[in-house]
Amino acid sequence: MMDSPFEAAFRASADGKPLGLRLLACLLVPPAVVLAAIVPSGKAHGRPTRPAEGFAPVLPVAQAPRPADGAIFNVSAGYTGLAEGRRAHAVGDPLTIILTEQLNSSKSAASKTQKNGAFNVVPPSAGPLSFLDPNALKASGGSSFNGQGNATQTSTLGGEVSVTIAEVRPNGTALVVGEKRLLLSQGQEWVQVSGIVRLGDIDADNRVRSTQVADARVTYTGNGSVGRASREGWLSKFFSVINPF
């Protein structure tokens, strides 16, 4: 039994695949592209929903007990040198990072272009072309563009976070990591700090400013109802993607 011309066109296409599948793909691909654009694909997009791993406190290395030799002095029992005092200097020692971050950025750009042109032909006053109107042979054109943009951003972060020394290096620097978690009634907040500090910059109270931390990584975010309310909904993101203006 032969199909009607409409059914034959619906079942066959140039590449041998049913036309119905092609139409179905055309209907499903655009929504899939939009969803891929609005749904975050990794940690770099959006805000993390839980604290990152790797900021747990580092414990000092346990030393093997010294065999009894009759001596009273024992370095492994917590000896602190007279010149060092109680300043943090070993793996597992805690210290406080004073967050004094303040960044200001400003950018301005302006652009302006303009172009004009004219074309004019004067026909002879006598001869076979004398019937031409000089005003009909005039042409002119012009284009102009004027654009301007300004951007200003100010970021401020203050507070204190206690961290621990995770690694001591031969050049007198130390890798520090630490975090502070707050469990509130409307969600959870956390601050995570890591970086490299110079042991000489640590003061007598075991404090160092965040501006003295090299390769500093500071994360301050949270989750819960307040965090969700401050983010744009998926439907708004959808219309922002497809909006041509």
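Asp 201 pairs up with Arg 198 in a salt bridge, with their closest N and O atoms 2.8 Å apart. The term salt bridge here stands for a side-chain nitrogen of Lys or Arg within 4 Å of a carboxyl oxygen of Asp or Glu. Counted this way, there are 5 salt bridges. Keep in mind that this is a predicted model, where local features need pLDDT of at least 70, side-chain atom pairs count only at pLDDT 80 or more, and totals for chains, interfaces and linings use all residues. Residues are numbered from 1 along each chain as its sequence is written, and side-chain values use heavy atoms, with hydrogens and water left out.

How covered are the partners? Buried means under 20% relative accessible area, exposed means over 50%, and partly exposed is what lies in between (1.4 Å probe, protein chains only). Asp 201 counts as partly exposed at 23% relative accessibility, and Arg 198 is partly exposed too, at 45%.

Three of the bridges, side by side:

| Acid | Base | Closest N and O atoms |
|---|---|---|
| Asp 201 | Arg 198 | 2.8 Å |
| Glu 160 | Arg 207 | 2.7 Å |
| Asp 215 | Arg 217 | 3.2 Å |

Glu 160 and Arg 207 form a salt bridge that ties together distant parts of the chain: Glu 160 sits in strand E2 and Arg 207 in strand E5, 47 residues apart. Glu 160 is partly exposed, with 37% relative accessibility, and Arg 207 is partly exposed at 27%. As for the third pair in the table, Asp 215 and Arg 217 are both exposed.

Now the overall layout. Helices (H or I, at least four residues) and strands (E, at least two) are DSSP runs, numbered from the N terminus. The chain has 4 helices and 6 strands, and from the N terminus on they run α-α-β-β-β-β-β-β-α-α. Of its 245 residues, 17% count as buried. The chain exposes about 18,600 Å², and carbon and sulfur atoms supply 59% of that; the areas come from the Shrake-Rupley method with a 1.4 Å probe, and for residues only the protein chains shown count as cover.

A contact means heavy atoms within 4.5 Å. Take the contacts between residues at least 6 apart in sequence: 66% of them join residues at least 24 apart.

What about the inside? A nonpolar core is a set of buried Ala, Val, Leu, Ile, Met, Phe, Trp, Tyr and Cys residues joined through side-chain atoms within 4.5 Å. The largest one has 16 residues, and Leu 95, Ile 97, Val 163, Ile 165, Val 193 and Val 197 touch the most other members. Strands E1 (94-120), E2 (138-168), E3 (173-184) and E4 each supply at least two residues of this core. Leaving out residues up to four places away in sequence, Ile 97 touches a set of residues including Glu 160, Val 163, Val 193 and Val 208.

Asn 206 lies in the loop between strand E4 (187-198) and strand E5 (207-209). Is Asn 206 buried or exposed? It is buried, with a relative accessible area of 16%. Apart from residues up to four places away in sequence, Asn 206 touches Arg 86, Arg 87, Ala 88, Pro 94, Leu 95 and Thr 96.

Finally, confidence. pLDDT is the predictor's confidence in each residue, from 0 to 100. The chain's mean pLDDT is 76, and 67% of its residues reach 70 or more. Among the elements, helix H1 (residues 5-11) has the lowest mean pLDDT (51) and E5 the highest (93). Over residues 41-45 the pLDDT is below 50, and beyond near neighbours in sequence this stretch has 1 contact in the model.
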